[in-house]
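Thanks for coming. I will talk about pockets and one patch of the surface, and then stop.

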Amino acid sequence: MTKFYKLVTVKAGSLTPIDLFERLNGKKKFLLESTFLHEQKGKYSFIGADPYLEVISEGKETILRSVDGHVERLKQHPLNFLKSYFPKIEVNLPIPFYGGAIGYISYDTIHHFVSIGEAKVDEIKMPDVHFMLYKSVIVFDHEAKLISFITLNLDGEPEDVLEKRLAELQNVLTRKTVANRKETC
């Protein structure tokens with residue numbers, strides 16, 4: 001039976017979420033950093049790279065861009081696509097985010113669902129919706145001082161593929177930070 005996810009948890013020691021982010025290889029990296037007092041609200045920080053899919057809106061069209069560069073255009077609003085795309089699963093993990101969509105929904109997206117008057121001129125030409133979907137995430141638990149490496153198996157991949165992705169994530173523990181490294185997002 002193929003497992004839905006793989007998880008490894010280690011002690012953080014002196015590492016910080018920023019250390020992990022800087023050491024992580026890949027493109028389109030993200031860091032959702034907790035800045036509140038950890039006991040009250042900000043228990044976790046989340047780090048990831050290399051989305052397997054991007055979901056972008058252009059008007060009423062959804063653009064899907066896969067990691068291999070393949071582009072597909074759908075006549076469906078991206079929020080409806082995301083709702084139907086994600087599997088309905090239950091994962092018994094004590095972590096609130098273990099992979100999925102990171103991105104934004106612009107204020108002007110409301111015009112696709114409700115008539116609230118004329119839409120303003122789009123001066124900056126940003127999509128209304130842009131999400132990047134991730135199968136692998138690093139979770140930093142500030143309270144427990146633990147780092148969890150999680151990789152999801154959304155496509156029934158063999159166990160060795162999950163192990164390889166998990167090992168690559170864990171390389172941040174020994175990889176050195178390159179000073180002033182420039183990356184393309």
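How much space lies in the second largest pocket? About 220 Å³. Please keep in mind that this is a predicted model. The second largest pocket is lined by 13 residues, and the closest to its centre are Ser106, Asp108, Asp122, Met126 and Asp128. Sorted by class, its lining has 6 nonpolar, 3 polar and 4 charged residues.

Now the largest pocket. Its volume is about 270 Å³. Going along the chain, the residues that line the largest pocket are Leu24, Asn25 and Gly26, then Gly48, Ala49, Asp50 and Tyr52, then Lys135 and Ser136, and finally Arg165, Glu168 and Leu169. Which helix gives the largest share of that lining? That is helix H3, residues 159–170, with 3 residues. By class, the lining of the largest pocket splits into 4 nonpolar, 4 polar and 4 charged residues.

Last, the surface. Tyr107, Ile110, Phe113, Val114 and Ile116 make a nonpolar patch there, of about 510 Å². Take Tyr107 as one of its members. Where is Tyr107 found? In the loop that runs between strand E7 (100–105) and strand E8 (129–134). Is Tyr107 buried or exposed? With a relative accessible area of 67%, Tyr107 counts as exposed, because the cut-off for that word is over 50%.

To go back over the pockets: the largest has about 270 Å³, and the second largest about 220 Å³. That is what I have for today.

Key: Residues numbered from 1 in each chain as written. Predicted model: local features only at pLDDT ≥ 70, side-chain atom pairs only at ≥ 80, totals over all residues. Heavy atoms only, no water. 1 Å grid on protein atoms, 1.4 Å probe; cavity = no way out; pocket = protein on both sides within 12 Å on 5 of 7 lines; lining within 4 Å. Points joined across faces, edges and corners; volume = space filled by probe spheres on them. Helix = DSSP H or I, 4+ residues; strand = E, 2+ residues; numbered from the N terminus. Nonpolar A, V, L, I, M, F, W, Y, C, P; charged D, E, K, R; others polar. Patch = residues over 30% accessible without salt bridge, like charges linked within 9 Å, V, L, I, M, F, W, Y side chains within 5 Å. Areas by Shrake-Rupley, 256 points an atom, 1.4 Å probe, with all protein chains shown as cover. Salt bridge = Lys/Arg side-chain N within 4 Å of Asp/Glu carboxyl O. Buried < 20%, exposed > 50% of the residue type's maximum accessible area, 1.4 Å probe, protein only.
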